[in-house]
Amino acid sequence: MNPDDLLYTPEHEWLRRPGEAEGSVRVGITDYAQEALGDIVYVQLPEVGESIEAGGTCGELESTKSVSDVYAPVTGQVVARNETLDATPELVNSDPYGGGWLFEVVPSDAGQLDALLDAAAYASHTDA
């Protein structure tokens with residue numbers, strides 16, 4: 001079940017607004033994505049202060065099955081990263097919409113969020 005209060009990308013990231021920092025959105029991967037990846041054993045996240053470009057690779061998730069890229073859902077500056085995942089990457093599996101969040105970014109243009117999917121559109125995307 002995809003939470004209705006989130007926005008989604010076709011690459012299986014979710015965004016929650018607002019994030020903890022002013023003007024930011026919190027980013028994670030969906031339950032669908034974590035299930036497809038399997039047990040996550042290592043997380044590489046963008047650094048605070050790093051500029052990321054929508055659609056560009058900004059991190060990696062390593063599972064017992066494979067290594068998967070994390071794509072930037074919007075262009076902007078990273079203002080927080082989930083340091084807890086360094087020691088407990090399995091939170092991405094056990095709590096993908098809560099404690100398993102990845103990073104926060106301040107979009108360079110808030111209008112970018114309008115192009116993202118709502119829960120129903122994401123559900124249709126994953127059913128295809």
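Read along the sequence, the protein I want to talk about today runs β-β-β-α-β-β-β-β-β-α-α-β-α, and I should say at once that what we have here is a predicted model. In total the secondary structure amounts to four helices and nine strands. The radius of gyration is 13 Å, close to the 14 Å that the globule rule gives for 128 residues, so the protein is as compact as a globular protein of that length. Taken along the principal axes, the box filled by the C-alpha atoms is roughly 35 × 35 × 25 Å.

Let me stay with the whole chain for a moment before turning to the sheets. Of the 128 residues, 46% are buried, and the exposed surface comes to about 6,300 Å², with carbon and sulfur atoms supplying 48% of that area. If we take the contacts between residues at least 6 apart in sequence, we find that 60% of them join residues at least 24 apart.

Now to the sheets, beginning with the one that has six strands. This sheet is open, its strands follow the order 1-2-3-9-8-5, and the pairing is antiparallel. At its edges are strand 1, residues 7-8, and strand 5, residues 51-52, each of which pairs on one side only. Strand 1 is joined to strand 2, residues 13-16, by two bridges in the antiparallel sense, and within this pairing Tyr8 stands opposite Trp14 of strand 2.

The connections around strand 2 contain two backbone details that I would like to point out. In the loop between strand 1 and strand 2 we find His12, whose phi is near 75°, a positive value in a residue other than glycine. In the loop between strand 2 and strand 3 we find Pro18, and the peptide bond that joins Arg17 to Pro18 is cis, with omega about -10°.

Tyr8 also brings us to the other end of the chain. Its C-alpha atom is 8.5 Å from that of Ala121, although the two residues are 113 apart in sequence. Ala121 belongs to helix 4, residues 119-127, and is partly exposed, with a relative accessible area of 31%.

The second sheet has three strands, and it too is described as open, with the order 4-6-7 and antiparallel pairing. Strand 4, residues 40-44, and strand 7, residues 67-71, stand at the edges with a single partner strand each, so one side of each is left without a neighbour in the sheet. Neighbouring strands of this sheet are turned against each other by 25° on average, direction ignored.

Looking at the pairings one by one, strand 4 and strand 6, residues 57-63, are antiparallel over four bridges, and Val43 has Leu61 of strand 6 as its bridge partner. On the other side, strand 6 and strand 7 pair in the antiparallel sense over five bridges, with Glu60 opposite Asp69 of strand 7. These two strands, strand 6 and strand 7, form a hairpin with three residues between them.

Finally, the charged pairs. How many salt bridges does a search of the whole structure find? The search finds two, and I will take them in turn.

In one of them, Glu104 pairs with Arg26, and the closest N and O atoms are 2.9 Å apart. This pair links distant parts of the chain, since Glu104 is in strand 9, residues 103-107, and Arg26 is in strand 3, residues 25-29, with their positions 78 residues apart in the numbering. Are these residues buried or exposed? Glu104 has a relative accessibility of 1% and therefore counts as buried, and Arg26, with a relative accessible area of 16%, is buried as well, because the cut-off for that class is under 20%.

The other salt bridge is formed by the side chains of Glu83 and Arg81, again with an N to O distance of 2.9 Å. Here the two residues fall into separate classes, in that Arg81 counts as buried at 14% relative accessibility, whereas Glu83 is partly exposed, with a relative accessible area of 44%.

To close, then, the picture in this predicted model is of an open sheet of six strands in the order 1-2-3-9-8-5, an open sheet of three strands in the order 4-6-7, and two salt bridges, with Glu104 and Arg26 forming the pair that links strand 9 with strand 3.

How values were computed: Residues are numbered from 1 along each chain as its sequence is written. This is a predicted model: local features need pLDDT of at least 70, side-chain atom pairs count only at pLDDT 80 or more; totals for chains, interfaces and linings use all residues. Side-chain values use heavy atoms; hydrogens and water are left out. Two strands pair if DSSP finds at least two bridges between them. Axes are lines fitted to C-alpha atoms, for helices over the stretch in contact, and angles run from 0 to 180 degrees between N-to-C directions. The radius of gyration is taken over C-alpha atoms; the globule rule is 2.2 Å times the number of residues to the power 0.38. Buried means under 20% relative accessible area, exposed over 50%, partly exposed in between (1.4 Å probe, protein chains only). Contact means heavy atoms within 4.5 Å. Accessible areas come from the Shrake-Rupley method with a 1.4 Å probe; for residues, only the protein chains shown count as cover. A salt bridge is a side-chain nitrogen of Lys or Arg within 4 Å of a carboxyl oxygen of Asp or Glu.
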